[in-house]
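Hi,

Here is the model I said I would pass on. Have a look at it first, and then read my notes underneath.

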Amino acid sequence: MSVTHGRMGLSLTQEILSHLGLANKTAAWGTLGTLRTFLSFSVDKDVQRLLKAIAGQGVDRIAILDVLTNRSREQRQLISRAFHERTQQDLLKSLQAALSGNLERIVVALLQPAAHLDARELRTALKGSGSAEDVALEILATRTPPQLQECLAVYKHNFQVDAAEDIKSETRGILRDLLLALAKGGREAYTGIIDYNLAAQDIQALKQAEGPSTERTWVLVFTQRNPEHLVRVLNQYQWYTGHELEKTVRARFHGAACVALLNLASVIRNTPLYFADKLHQALQETEPNYQALMRILISRSETDLLSIRAEFRKKFGKSLYSSLQEISGKIREPGTTRPKMARSSKGPSV
């Protein structure tokens, strides 16, 4: 089905990615996310609007954009259920039939429950893309314990295997041990009490673990201690040794193990900055890494995207929103012969 005004998925893909950044909106109440529950939400009106958007001779790109990027994930799930009750058709499949390429993948991610998206991304990272030290670690290290438990349950249900079994078969060495430990979800909870003795012990243990056959110490400290404690360990390690722990990691480890430990240290030090760096990297590639952009923007939009946005501007000197808009010149969608800038749109601004 063609898009109205003769335009392919090119500009809509760009606009959805830009709107997911929600760069001009303030934080949602009570969170550091930028996507809030839509107060004037009417599931019946949204279902009717989406029905009109995919009926007839063209796809109403503005309607799809407005509904999917301005409703919370919970509201999108209510829309999906109501759409099915009214039409006896699956909303996701209906939109997939009307769309293609990156736009289709974004819409799928928007309409899937969060645990299903995480499980699919985790499976791809472990079995297909060879990015376990990047994507798998991102998911296992940045989700809350309930989110992680649900993700792993969906993983087992959808793929008929425990994620831990795939980790064992697809990774090795300290990377395997790190991912397995993170998947167990055994990280200590923060009690509000500062244990200076334990911090000193961990620093000493890491200093002594710079030789061979000491990987177990790194895994234990990085995956079992609570984040507040680890920030203190990282800061005091530099005070005691005169250099950052990351320098020791680069000298001690190589390949995927080194990347995984550096990523984990980045998550521990400043999670929003970690995601800002990943978004910048995805935008700087010759072909924008839509999978990374989609995963991060959607998964963080209701939690801490405001903080990520602030870290992005602070480090790179420009807004995340404007950076996302610039990728329209790099997009190559199915059916287009060359990249081109999207024409102006009458779509809602943010």
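Below is what I found, starting with the overall picture and then going through helix packing, cores and single residues.

A word on conventions: this is a predicted model, where local features need pLDDT of at least 70 and side-chain atom pairs count only at pLDDT 80 or more, while totals for chains, interfaces and linings use all residues. Residues are numbered from 1 along each chain as its sequence is written, and side-chain values use heavy atoms, with hydrogens and water left out.

**Overall**

The protein has 20 helices and 2 strands; these are DSSP runs numbered from the N terminus, with helices being H or I of at least four residues and strands E of at least two. Of its 350 residues, 49% are buried. Here buried is under 20% relative accessible area, exposed is over 50%, and partly exposed is in between, using a 1.4 Å probe and protein chains only. If you take contacts between residues at least 6 apart in sequence, 73% of them join residues at least 24 apart; a contact means heavy atoms within 4.5 Å.

**Helix α11 and its partners**

Two packed helices are described by the angle between their axes and the distance between the axes. The axes are lines fitted to C-alpha atoms, for helices over the stretch in contact, and the angles run from 0 to 180 degrees between N-to-C directions.

Take α11 (residues 173–184) and α13 (residues 215–224): they pack at about 30°, with axes 10 Å apart. That makes α11 roughly parallel to α13, the term for angles under 35 degrees (over 145 is roughly antiparallel, 65 to 115 roughly perpendicular, and the rest oblique). The crossing is right-handed. From α11 the contact uses I174, D177, L178, A181 and L182, and from α13 it uses E215, W218, V219, F222, T223 and Q224. By class, that gives 7 nonpolar, 2 polar and 2 charged residues. For the classes, Ala, Val, Leu, Ile, Met, Phe, Trp, Tyr, Cys and Pro are nonpolar, Asp, Glu, Lys and Arg are charged, and the others, Gly among them, are polar.

α11 also packs on α16 (residues 255–269), at about 35° and with axes 7 Å apart. This crossing is left-handed: the near helix is turned anticlockwise from the far one by less than a right angle, whereas clockwise would make it right-handed. I174, L175 and L178 of α11 meet A256, A257, A260, L261 and L264 of α16. The contact of α11 with α16 has 8 nonpolar residues, with no polar and no charged ones.

**The cores**

I counted a nonpolar core as a set of buried Ala, Val, Leu, Ile, Met, Phe, Trp, Tyr and Cys residues joined through side-chain atoms within 4.5 Å. The largest has 48 residues, and L122, L179, W218 and F222 touch the most other members. Its largest share, 8 residues, comes from α11. Beyond four places in sequence, F222 is in contact with L178, R187, L230, L245, L261, L264, A265 and I268. There is also a second, separate core of 25 residues, which includes V47, V59, A98 and M294.

M294 is one of the buried residues of α18. This helix (residues 290–300) has 9 of its 11 residues buried, so it is largely enclosed by the rest of the structure. R295 and R300 are also among the buried ones.

**Single residues**

K278 sits in α17 (residues 271–284) and is buried, with a relative accessible area of 11%. Apart from neighbours within four places, K278 contacts D134, E138, R295 and I296.

T214 is in the loop between α12 (196–208) and α13. At 15% relative accessibility T214 is buried, and it touches Q208, A209 and R252 outside its nearest four places in sequence.

L51, in α2 (residues 43–53), is partly exposed at 25%. Its contacts further than four places away in sequence are F83, R86 and T87.

Finally, two backbone points. Most residues other than glycine have a negative phi. Q88 has a positive phi of about 60°; it lies in the loop between α4 (73–87) and α5 (91–98) and is exposed at 58%. Q160 has a positive phi near 60° too. It is in the loop between α9 (145–159) and α10 (163–170), and is exposed at 67%.

Cheers
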